[in-house]
Amino acid sequence: MPWLKDEAMPAFLAALQSQGRLWVPVEEEWGSCLAVWEEKSLRLTPGPTLLAAKGLFLPQTEKLFHYRVEAEGAVISESEPPAAAARQIVFGLRPCDVAAVAVMDKVFLDGGYVDCAYRARREASALVALACREAAPTCFCRAFGLDPLAAPGADVLLLPLEGGYLVRAQTAKGEELLAQAQGVLAQEPALDWPAPPAFLLEVTAAGVPAKLAAMFDHPLWDNLYQKCLGCGICTYLCPTCYCFDVQSADRGTEGYRYRCWDSCMFPEYTLMAGGHNPRPTKKERVRNRFLHKLCYLPERFGVFGCVGCGRCLLKCPVNLDIAAVLKKVQEVGTHV
Amino acid sequence: MSYVGIEPERFRAAWVSGAEGARFARVVAELTEAVRRVGPSRKLGDA
Amino acid sequence: MPENEVTLRMRRRAKELLAGGEVQQVIGWEKGTFWYQSPPVFIRQPEEADRLVWDDFCLANPAIYLLDDRYGQERVGLFVKGCDARAVVRLIQDRQLVRERVYLLGIPCPGLKDPEAARTTGRESAQLPPARRCQHCLYPNPVLYDELLAQTVAPRPPLAPRAAVKALEAKGVEERFRYWREHFRRCLRCFACRNVCPACNCTACLFDLARPTWLAKEVDPANNWFYGLVRALHVAGRCIECGECERVCPVGLPLMALNEKLAKDLEELFGFKGAGLDLEGLPPLSFWQPDDPDHFA
């Protein structure tokens with residue numbers, strides 16, 4: 001297997017960048033995110049970046065089309081033909097983030113309706129994953145059966161070892177990427193396969209979906225929600241939360257329609273035209289968020305809507321901890 | 001406004017009584033001229 | 001589990017108040033997932049009162065939860081630090097709460113620790129820097145209470161008061177613009193700053209309204225600025241400078257540099273010492289006096 005020496009990383013990244021726009025993890029004063037690679041900008045820390053990669057496939061705000069009303073009728077022009085999506089390479093995704101992209105794929109590609117804008121961005125993207133030798137304190141991907149040393153959905157997987165990385169192409173796209181980087185790769189030295197990292201949070205999701213399916217009216221929800229602020233931090237940092245809204249910006253006789261991320265934690269999310277709100281309080285909204293991730297998505301697509309990345313654990317201002325919810329669900333009896 | 005980096009010329013608070021039509025017209029004309037001098041504000045649009 | 005004097009008193013008083021039927025619920029703090037987290041907890045049964053804790057990370061303001069049941073009848077026992085008590089005063093002044101509905105258990109606050117530093121450095125509590133907002137707190141003792149759970153503390157001389165504001169004021173307009181642009185462009189519009197704010201107590205918020213749409217749901221610099229600046233101006237004179245907005249912001253916007261600027265202006269213009277310090281002192285922008293300054297005349 002090809003071997004990438006630590007000191008050859010910049011050359012490797014340059015080889016990737018020659019094939020498309022290269023996003024790498026960077027550290028800002030306020031947190032980490034993915035940014036277009038510049039010399040020396042790469043910063044690798046345990047765990048995923050604070051801001052997930054989902055914006056690269058589902059931008060927080062995306063114009064769909066412009067319209068103009070003329071004498072003969074309305075003229076509509078698509079703003080960004082999705083086919084023109086620029087080729088991009090996303091480097092340094094952790095196994096949880098790769099699994100999260102797979103969840104998004106289920107929703108936007110396999111759910112019965114193919115979202116053309118999402119598909120265009122996904123097809124133009126290559127994922128270069130980075131296995132985890134060390135977990136952040138908030139990591140709990142193993143709860144969902146993920147292997148921190150593997151990323152099945154990635155085009156290329158990098159496994160950090162002493163002095164460098166084992167590099168493995170996992171798809172044809174990955175092989176294509178590596179073909180351009182042959183010059184900077186060496187041959188694999190004899191190295192032992194590493195042990196998986198140690199996790200601070202011991203939790204499993206086994207059996208949770210089936211149990212939750214009978215817990216809609218369970219008293220657990222009666223106090224779980226109380227401390228929730230009703231903000232959108234958990235949903236906006238979540239790498240699998242894909243909900244969006246479609247709105248218009250009207251400017252007299254012309255305007256445009258756009259879609260933007262939406263959050264099920266906002267009251268307005270379920271507010272209907274007649275004024276009725278089927279999820280009127282934080283209780284229903286919090287319950288829905290956990291049921292959606294841990295019950296509805298597994299039922300519908302066979303995947304959890306949580307990958308254990310720990311972003312919500314890290315930033316929820318009131319520590320409404322989904323790992324703790326998993327534990328609670330396992331502890332309580334389902335009889336109401 | 002100046003604190004967040006918007007040119008102070010774009011903002012003015014003035015006290016005008018309902019009976020001071022001429023003063024009102026002058027204040028608005030002055031502000032309009034001041035804004036015209038700094039030109040269109042592209043800061044937020046291009047930011 | 002920290003079992004200091006205050007914690008033990010909290011638990012005892014919570015049990016007594018709940019068992020005696022004086023309150024139906026108490027709101028305080030419990031230990032969270034990590035040792036540097038003490039999130040809010042809601043206790044209804046006396047036997048659950050042992051979950052309560054008081055430690056260096058009780059940053060959350062329990063008073064904001066009173067808004068979730070603002071028209072209710074229940075009496076709530078509320079543990080309040082200095083800043084939390086100011087929030088209660090503000091809610092009462094804004095007619096969101098009647099005084100009789102809360103029983104205030106005051107905790108003179110020695111200043112809390114920065115949980116982010118705890119997470120990133122792993123140092124133990126005593127070695128941690130104070131939480132940012134506690135560095136210039138002038139009112140560590142609850143300004144309104146029914147009983148105190150500890151001796152009052154002397155306010156520490158504030159470290160570099162309004163340092164962020166003064167540093168920005170010293171810069172030029174263009175530099176200030178670049179500063180705020182770089183910050184606001186990453187706003188996620190999660191509304192955590194609004195939802196955690198005791199001054200943001202309107203029953204309906206203009207930023208939520210869809211018809212008409214005052215704030216477009218587009219997340220772009222113009223709408224982010226509109227949201228951030230209008231919110232800051234809206235809470236001017238009512239902001240208790242608890243710093244919760246800045247603490248909860250997931251992308252680290254320096255929101256207190258806006259709020260403190262407005263507080264500084266209000267102090268210079270009206271001699272205003274701060275919101276929620278007593279039940280009588282109203283925010284300067286909520287009433288009018290003939291001798292108000294009018295430099296703009």
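**Chain C and its contact with chain B**

User: What share of the 297 residues of chain C counts as buried?

Analyst: Happy to help; this is a predicted model, in which local features need pLDDT of at least 70, side-chain atom pairs count only at pLDDT 80 or more, and totals for chains, interfaces and linings use all residues. Residues are numbered from 1 along each chain as its sequence is written, while chains are lettered from A and ligands numbered from 1 in the order in which they are written. A residue is buried if 20 or more other C-beta atoms, placed from the backbone, lie within 10 Å of its own. For chain C, the buried share is 46%.

User: Which pattern do the helices and strands of chain C follow along the sequence?

Analyst: Helices (H or I, at least four residues) and strands (E, at least two) are DSSP runs, numbered from the N terminus. Chain C has nine helices and five strands. Read in order, they give α-β-β-β-α-β-α-β-α-α-α-α-α-α.

User: Which element gives the most residues to the side of chain C that touches chain B?

Analyst: Good one! Counting two residues as in contact if their C-beta atoms, placed from the backbone, lie within 7 Å, the contact takes 17 residues from chain C and twelve from chain B. On the chain C side, α5 (173-184) and α7 (221-234) are the elements that give two or more residues. The top contributor, with seven residues, is α5(C).

How values were computed:
A residue is buried if 20 or more other C-beta atoms lie within 10 Å of its own, exposed if 12 or fewer, and partly exposed in between; C-beta atoms are placed from the backbone.
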